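Biologist: I have the file open and would like to go through the contacts with you. Could we begin with the domains?

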Amino acid sequence: MGRVKEPILWALFSGGGMVAALVLPALVFLLWIAAPLGWVTLPSYGELVELVRHPISRLSIFALASLSFYHWAHRFRYTLYDGLQLYHLNELIAVLTYGSATLLTLAAGFLLVAVV
Amino acid sequence: MAESITIEVQRYRPEEQSQPSWQTYEVPFQPEWMVLDALNYIKDNLDGTLSYRWSCRMGVCGSCGMMVNGEPVLTCAAYLKGFTPGPIRVEPLTGFPVIRDLIGDMSDFLEKLSRVSPWIMREEEPPLSKGEHLQTPEQLAEYKGYSMCINCMLCYAACPIYELEPGFIGPAAIALAQRYNLDSRDQGAAERMKTLSDAEGIWACTFVGECSTVCPKNVDPAGAIQRYKLAATVDHFKSMVLPWSER
Ligand code: SF4
Ligand code: FES
């Protein structure tokens, strides 16, 4: 994998780390802690679906999901590459990790456009 | 009865042995002694053949770095009593080829350091009659932290990537590149970027962060590398959008 692409991969990685760190804890807190404990009342399921259907929500969820996938891909690539010292498999690892992130991104896009 | 403590030192004398070996010494235990004092005791009283580097004994020259019980430390700043009851294992810094006993070969670092042009670069030097380059305290604060580096190489010994990636410039050299990039008198940032953003220069770093943990001068090389990655990324996107602009 040519190092020329590193700035782009790193931008996806750091962007993913940042949005995941900012947004996911808030979502987990709201949906899985605050709501079950009755600290906040969530809108009904129908209203939530309505909210998700808004173009801005779709776009934000898409960005969150896709950047998080690339964040994982970059981390995991280096975990395999440096951690297990699989230098000879550099290309294969890169294709598998970023490839998975790309497939997952496409899946997220499909779900958000066609299914929700 | 005077107390003593056991020191296990890694020895390597290339004319006598092909592999490093361990040698054990008993030295008097003095609570105010540093590990370096114990080594000096060995050299003066027990075994004059032991070789290691040191100079200032006050954490300034950066030459006495060694692995003590597996951690990179300045031996002139590491109390013996921090390692009681012993034995204390002393080895050369990891990541560098050993020349003799506790002495590592730093040529790789020095070559990489010179590649980042660690000096103030100017496109044009104004004549002396123009006076000195003035700098505000804020401008000084921008780079001062990075200027505290004493080239002790503890960060290189702590970095798991440096040993694995021959092209990686490494923590201290990148922090020093930043020291000059952030200096308001310097104009060499674009030139340094060419060296650093290339190949494994900075990208091999996976932000392990050990370099900043072991640094005796709080230089925070890990932070410097992350800032540099950000700068290189911005630079890259700029050159994609404005390919004709000079990088
Ligand atoms: S950055 Fe810190 S640990 Fe690294 S060489 Fe400089 S002073 Fe030593
Ligand atoms: S002897 Fe100078 S830094 Fe330790």
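Biologist: How many salt bridges cross the interface of domain 1 of chain B and domain 2 of chain B?
Modeller: The rule finds zero salt bridges across that interface of domain 1 and domain 2 of chain B. A salt bridge here is a side-chain nitrogen of Lys or Arg within 4 Å of a carboxyl oxygen of Asp or Glu. This is a predicted model, in which local features need pLDDT of at least 70, side-chain atom pairs count only at pLDDT 80 or more, and totals for chains, interfaces and linings use all residues. Residues are numbered from 1 along each chain as its sequence is written, chains are lettered from A and ligands numbered from 1 in the order in which they are written, and side-chain values use heavy atoms, with hydrogens and water left out.

Biologist: And how many residue pairs are in polar contact there?
Modeller: Two residue pairs are in polar contact across the interface of domain 1 and domain 2 of chain B, both at pLDDT 80 or more. A polar contact is a pair of N or O atoms within 3.5 Å; within protein, one must be able to donate a hydrogen and the other to accept it, and residues adjacent in sequence count only if both atoms are side-chain atoms.

Biologist: Which elements give two or more residues to the domain 1 side?
Modeller: They are strand E3 (65–68) and strand E4 (71–74) of chain B. The largest share, three residues, comes from E4(B). Helices (H or I, at least four residues) and strands (E, at least two) are DSSP runs, numbered from the N terminus. By class, that side of domain 1 has eight nonpolar, five polar and no charged residues. Ala, Val, Leu, Ile, Met, Phe, Trp, Tyr, Cys and Pro count as nonpolar, Asp, Glu, Lys and Arg as charged, and the others, Gly among them, as polar.

Biologist: Where do the domains of chain B lie in the sequence?
Modeller: Domain 1 covers 4–104 and domain 2 covers 107–245; such bounds come from an automatic or database domain assignment. Their centres, taken over C-alpha atoms, are separated by 31 Å. In chain B, 13 residues of domain 1 are in contact (heavy atoms within 4.5 Å) with 14 residues of domain 2.

Biologist: Changing topic, how much area do chain B and chain A bury between them?
Modeller: Chain B and chain A bury about 1300 Å², 65% of it on carbon and sulfur atoms. Buried area is the accessible area (1.4 Å probe) that two parts lose on being put together, summed over both. Leu164(B), Trp203(B) and Thr206(B) supply 41% of the area that chain B buries against chain A, more than any other three residues.

Biologist: Which elements of chain B give two or more residues to that side?
Modeller: Helix H5 (160–164) and helix H9 (221–241) of chain B do. Seven residues, the largest share, come from H9(B).

Biologist: What surrounds ligand 1?
Modeller: The surrounding residues, each with a heavy atom within 4 Å, include Cys149(B), Asn151(B), Cys152(B), Cys155(B) and Cys215(B). By class, the shell has eleven nonpolar, one polar and no charged residues.

Biologist: What is the phi of Asn151(B)?
Modeller: Asn151(B) has a positive phi of about 55° although it is not a glycine. Asn151(B) lies in the loop between helix H3 (137–144) and helix H4 (154–158) of chain B.

Biologist: Lastly, which peptide bond leads into Pro85(B), cis or trans?
Modeller: The bond from Thr84(B) to Pro85(B) is cis, with omega near 5°. Pro85(B) sits in the loop between E4 and strand E5 (88–91) of chain B.
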